[in-house]
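Work through the exercises below with the sequence and the model side by side, and try each task before reading its solution.

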4 protein chains.
Amino acid sequence: MGNIFGQAFKITTWGESHGDAVGVIIDGCPPGIEITAEEIQADLNRRKPGQSEISTQRKEGDQAEITSGIFDGQTLGTPISIIVWNTDAKGKDYEHMKDVFRPSHADYTYQAKYGIRNWKGGGRSSARETIGRVAAGAIAKKILKQMFNTDIFAYVSRIHNISSEEFTHELTSVEIESNIVRCPDPIAAEKMINAIKSARKNGDSLGGIVNSVIYRAPVGLGEPVFDKLEADLAKGILSIPACKGFEIGSGFDGTFLTGSQHNDQFYIDNGNIRTHTNNSGGIQGGISNGENITISAAFKPTATIMKSQKTVDIFGNEVELQGRGRHDPCVLPRAVPIVEAMISLVLIDHALRHRGQIN
Amino acid sequence: MGNIFGQAFKITTWGESHGDAVGVIIDGCPPGIEITAEEIQADLNRRKPGQSEISTQRKEGDQAEITSGIFDGQTLGTPISIIVWNTDAKGKDYEHMKDVFRPSHADYTYQAKYGIRNWKGGGRSSARETIGRVAAGAIAKKILKQMFNTDIFAYVSRIHNISSEEFTHELTSVEIESNIVRCPDPIAAEKMINAIKSARKNGDSLGGIVNSVIYRAPVGLGEPVFDKLEADLAKGILSIPACKGFEIGSGFDGTFLTGSQHNDQFYIDNGNIRTHTNNSGGIQGGISNGENITISAAFKPTATIMKSQKTVDIFGNEVELQGRGRHDPCVLPRAVPIVEAMISLVLIDHALRHRGQIN
Amino acid sequence: MGNIFGQAFKITTWGESHGDAVGVIIDGCPPGIEITAEEIQADLNRRKPGQSEISTQRKEGDQAEITSGIFDGQTLGTPISIIVWNTDAKGKDYEHMKDVFRPSHADYTYQAKYGIRNWKGGGRSSARETIGRVAAGAIAKKILKQMFNTDIFAYVSRIHNISSEEFTHELTSVEIESNIVRCPDPIAAEKMINAIKSARKNGDSLGGIVNSVIYRAPVGLGEPVFDKLEADLAKGILSIPACKGFEIGSGFDGTFLTGSQHNDQFYIDNGNIRTHTNNSGGIQGGISNGENITISAAFKPTATIMKSQKTVDIFGNEVELQGRGRHDPCVLPRAVPIVEAMISLVLIDHALRHRGQIN
Amino acid sequence: MGNIFGQAFKITTWGESHGDAVGVIIDGCPPGIEITAEEIQADLNRRKPGQSEISTQRKEGDQAEITSGIFDGQTLGTPISIIVWNTDAKGKDYEHMKDVFRPSHADYTYQAKYGIRNWKGGGRSSARETIGRVAAGAIAKKILKQMFNTDIFAYVSRIHNISSEEFTHELTSVEIESNIVRCPDPIAAEKMINAIKSARKNGDSLGGIVNSVIYRAPVGLGEPVFDKLEADLAKGILSIPACKGFEIGSGFDGTFLTGSQHNDQFYIDNGNIRTHTNNSGGIQGGISNGENITISAAFKPTATIMKSQKTVDIFGNEVELQGRGRHDPCVLPRAVPIVEAMISLVLIDHALRHRGQIN
């Protein structure tokens, strides 16, 4: 249960980290959309391990194989199945933690809930599962671009205590992809990279914040009262491994303002209704208002560290655990395409839902 | 669309602020649960307007009428319908804003999305809709208490820049209800009350933070990978009007820690697996681990203020709007039972889903 | 659970036969549709008890009260709540069967499933619950008429062994409503009425068949592979109390044909693709093809009879039960608007779903 | 849309007939169930083409590959992915009908709905899609057997006008599998086989009826009012290609009885509540009562025939179509495991849903 996301554009992901493969089924993709495997691959490459010196050194091509739903280069309106085979799954690396619950991992809770778990590399709880999200998100992103000219960009805005500058111009993917940490501020980016390298050297890990901006989201997306756009965005973002917080618009900082400071006053701009400020973050009453949608997401430091830690085993003994294996000292650079994917999936789902309901 | 919440314990709310009534249907409440109208009323009274000098002075008894699903004092397993009639709905108060979009309200987005809106008091976007959530939440809360001895408490931890102390003991509802702002720190509470009164005098409004703690949540709730417990909590909380942010466990602050500082090391406590720290906030890998579940939610300052604001009307003119009507200068004290309700609804839904799936 | 129907146009019904009221919430009705209480009432009057000498003599006005979702005569896009208060609920009539399971009723299975039941008049299992369906169906029917000029007619085609003639012309509601049994063949209708009266005199009951024809259904409705149009129609129809069978197009009789006899050959009619025959019943591969959609539904004889029957009580004793109370000796005349409602609900749901998905 | 079935035990099927592969994802399978690929294969072999002289001669091994969700021979509680690669997909066989709509096939409606279709072998509308259903059904069947000792058997009860005898004893899979037409009456079976061979020789096809009996279904399954057990069974069965009718219990024939003849009177049998007759077909008020659940399903004659037929092409011309390719002259023998699968999927879904809701 719980492996399906969306109502109109539904994705189902499957697969364990060290099983045969991982994948995704999309049910509800409109027909007649041109999609190539390359477009999907481009986003998978941004997520894949081993892509830089600050990511895990597991070597996976993460090659997407489309096995249904596309015919002569176009979507059929039938389920799209995408499979990525696991090729560098070294289950042996995990033998030593077969019976041990790694602190702040899902080992204990999976065992407690299901009474069984695939202990190799985190099994289903591994972020490897997000491959399916990114593949589906690439399709969602393309449709949103075609339909509304919407652009969705996430980027790293803080690693540990190193913050990016704030951006007032419209970001581009070139800026974001210009460095391996995916922060469009090159000076901060360099500091971040060094901090991550230093954390790895210490056998430790770092967290931080991923910001997102959605440019040219159509007006009218969001289904109050429960499926408000920000509510579904929050769910999508919080379902990403290691995410601990979500903000829309002014977020927590906005609570220090008074109403008269916080309210976004309307004006007319070339016949369009716009707001002077955007503390609402592009959403009012659960529905997009046409301004940029702005989101922040907090990611905790990676739970897997190389330091020795106290923990317990499945037999109820207190034990010492020494980290091993190949891991990311900081997940944020690779989380960027995952955040973009979840946002894209929420938006396309709401776009299709809205289109069905209008009069 | 979007007016149904939950998968196993499904609630549907209905009603506009100045329509005839508001209400809720619960589909999926287990049979044989003893429920009285009084138990539901107790929580509705904590939410209702006019309850104190710092809330809106609209006078509504908010009297719950149960019209189905309960027989001889017990739930039947059939849909429970609860209706609250609107008695003090002064639509006239809103005549002056019939054609005007109030800044940071849902007026514009509802009009843009639906092409029509009930302009009286916010219609469906009014927090009056949350009556149904609180009524359903009272039932959810009772079942959780009976099943697992779970307690769910929310409280105001900050108003504007006035913070409550941090609590290390187990909170009680008596403490929380001991003052009208619902902050268990009496010294901070008094300052908060004064700040709210002062904001009202200035025709302005304040925001802040509601914290929540869930004591004795059962281990094993949450359905990875998308319906992780924190993801559904985030959705539930962000679906509350005026909410702009959500944190679980260490949240945004936790991103300043390293992995070795942040990880919650396990130990054995009387045969139970526990963690020394609780940065995870009671959830690991999307599944509850038996520790307290801790949540923060940011609420923006109320959009309705008595100051003059610039805005536009539905004819595309830029106009000046002067606030009128009866409003809360700060929604947080009344948001407390709503937050508790949403948390209760998420937990009962996951408890019933989990029970269906176990082997 | 199980009280919500539809995915895009979702209805939730609530209420027990002898509780305070019954009702329905519609979530997903498009905004801006003009609806009056009278339009809803017209269909409720066709379903209501006491409408003729061959229906139950329970006296209920079945007056629909719209409590949300409609403003200035138009739908808002928010949930529409419709309530019908029970006014002639004589719970006392059922005292004698409080502890006894009526044969072929839901008494035993409700008790077994839920451990509790409202024994007054069948509680939730009463066909009184279908009031909500008919009210929602009236709205669905109106939208389908506006959108596509679709007409949905059901009628009684057989009572016991008395069959109506077969109709080759397009039926009208005037024909169907021209007699109290709702059979457009006046000669058969008279025989049917007499048979029902005679069954009532004998304390017995009759079943039969309701046929339906959907004229001008749009091409393209239905979502293979599971939500095929005929699959959702079958579910909708089989969810009506007392229904035991469903056919689409040639149904069971078609199995006596060979493929070359059964296939519906295509031809071009004024530029439109049509079929010479319609054994498919307007649906091919789960998707409507623009031909008339034809459905048959079997309804068993009413379980409540005035004869003495052997049964058991809740204490495990074998007992004799003598029927009492006010009942329909044949449900089919009143089932006609219910069948139309379920068909309308399925069609509008698929129309909105399809509209959301097209490219 | 529409490729997901179930609420608690959800399956998603994917794949086109002449694409790379077909498959299924199961979301909601309880953990800790022992499943082998062989158990799944056994049912796939009963469905696969080329299994006998009366089925299509397409040669597919239909070998199931489990790529996730099972670990050390047990289910993990995570999604189970099963893939079957298409190996004998001769798309060339279909070149001649690329632009032509085969009568009573889904060619036209798919083209009309989606604006595009995979014209090779029916694409998504091919019964090849049901491989995923049968694979998932095999798992469902096993769990039902383990949990409740439930047995689910379907068999061919009529081909064209050749009927099987009626069975009063409890059927076994050995009887059903004792001949290639899957009719437990050996005399009728031989006639049926000859009729099918003769139809093939004539380039024609036959339909008929598949009966099903569910032995030892637990009491209490079914979620009124919409998700009644018979309603979900009807949907499941009608979603199978070529199905045109559904009956539960007495079905259409029962409408010729009076209430006093049709009612199933209760008695006590060794402390259990039983009924003397079973016109209800094991379901009352939408909930199973512990008696055998009995279902009939009508399957039309295969649309693909070798005779020349009149039809139209995608350019709007009336054309003549001569059938070619490898096809079943009668789908019923291969439909038997598909019917069993759909019934199993409905039952397991309701069993898990019920377990979640009870008090």
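The exercises that follow concern a predicted model, and each one is solved step by step.

**Exercise 1. Find how chain B is related to chain A, and describe the contact between them.**

Step 1. Superpose the copies: a rotation of 180° with 0.0 Å of shift along its axis brings chain B onto chain A, and the RMSD is 0.0 Å. The two copies are thus related as by a two-fold rotation axis. Both copies use the same surface, since 100% of the contact residues of chain B recur in chain A.

Step 2. Count the residues in contact: chain B gives 92 residues and chain A gives 92 residues. On the side of chain B that touches chain A, the largest share is six residues, and this share comes from helix 6 (residues 229-238) of chain B. Sorted by class, that side of chain B holds 35 nonpolar, 38 polar and 19 charged residues.

Step 3. Look for strands that pair across the contact: strand 11 (residues 243-248) of chain A and strand 11 (residues 243-248) of chain B run antiparallel and are joined by three bridges. Within this pairing, Phe246(A) has Phe246(B) as its bridge partner.

**Exercise 2. Find the rotation that superposes chain A on chain C, and the residue of chain A that comes closest to its axis.**

Step 1. The rotation is again one of 180°, with 0.0 Å of shift along its axis and an RMSD of 0.0 Å.

Step 2. Among the residues of chain A, Gly356(A) comes closest to the rotation axis, with its C-alpha at 1.9 Å. Here too the same surface serves both copies, as 100% of the contact residues of chain A recur in chain C.

**Exercise 3. Trace the open sheet of five strands in chain B, and find the helix that packs on it.**

Step 1. Write down the strand order, which is 1-2-3-7-4, with antiparallel pairing. The edges are strand 1 (4-5) and strand 4 (65-68) of chain B, each of which pairs on one side only.

Step 2. Start from one edge: strand 1 of chain B is joined by two bridges to strand 2 (residues 10-15) of chain B, and these strands run antiparallel. In this pair, Phe5(B) has Ile11(B) in strand 2 as its bridge partner.

Step 3. Add the helix: helix 3 (residues 130-148) of chain B packs on the sheet and touches strand 2, strand 3 (21-27) and strand 7 (80-85) of chain B, while its direction makes about 35° with that of strand 3.

**Exercise 4. Classify two crossings that involve helix 8 (residues 332-357) of chain D.**

Step 1. Take the crossing inside chain D: the axes of helix 3 (residues 130-148) and helix 8 of chain D come within 7 Å and cross at roughly 55°. That angle makes helix 3 of chain D oblique to helix 8 of chain D, and the crossing is left-handed. The contact has 14 nonpolar, three polar and three charged residues.

Step 2. Take the crossing between chains: the axes of helix 8 of chain B and helix 8 of chain D come within 7 Å and cross at roughly 130°. These two helices are therefore oblique to each other, and their crossing is right-handed.

Step 3. Name the residues that meet between the chains: Leu352(B), Arg353(B), Arg355(B), Gly356(B) and Gln357(B) meet Leu352(D), Arg353(D), Arg355(D), Gly356(D) and Gln357(D). By class, this contact has two nonpolar, four polar and four charged residues.

Note on methods
Residues are numbered from 1 along each chain as its sequence is written. Chains are lettered from A and ligands numbered from 1 in the order in which they are written. This is a predicted model: local features need pLDDT of at least 70, side-chain atom pairs count only at pLDDT 80 or more; totals for chains, interfaces and linings use all residues. Axes are lines fitted to C-alpha atoms, for helices over the stretch in contact, and angles run from 0 to 180 degrees between N-to-C directions. Helices (H or I, at least four residues) and strands (E, at least two) are DSSP runs, numbered from the N terminus. Angles under 35 degrees count as roughly parallel, over 145 as roughly antiparallel, 65 to 115 as roughly perpendicular and the rest as oblique. A crossing is left-handed if the near helix is turned anticlockwise from the far one by less than a right angle, and right-handed if clockwise. Ala, Val, Leu, Ile, Met, Phe, Trp, Tyr, Cys and Pro count as nonpolar, Asp, Glu, Lys and Arg as charged, and the others, Gly among them, as polar. Two residues are in contact if their C-beta atoms, placed from the backbone, lie within 7 Å. Two strands pair if DSSP finds at least two bridges between them. Copies are superposed by least squares on the C-alpha atoms of residues with pLDDT of at least 70 in both.
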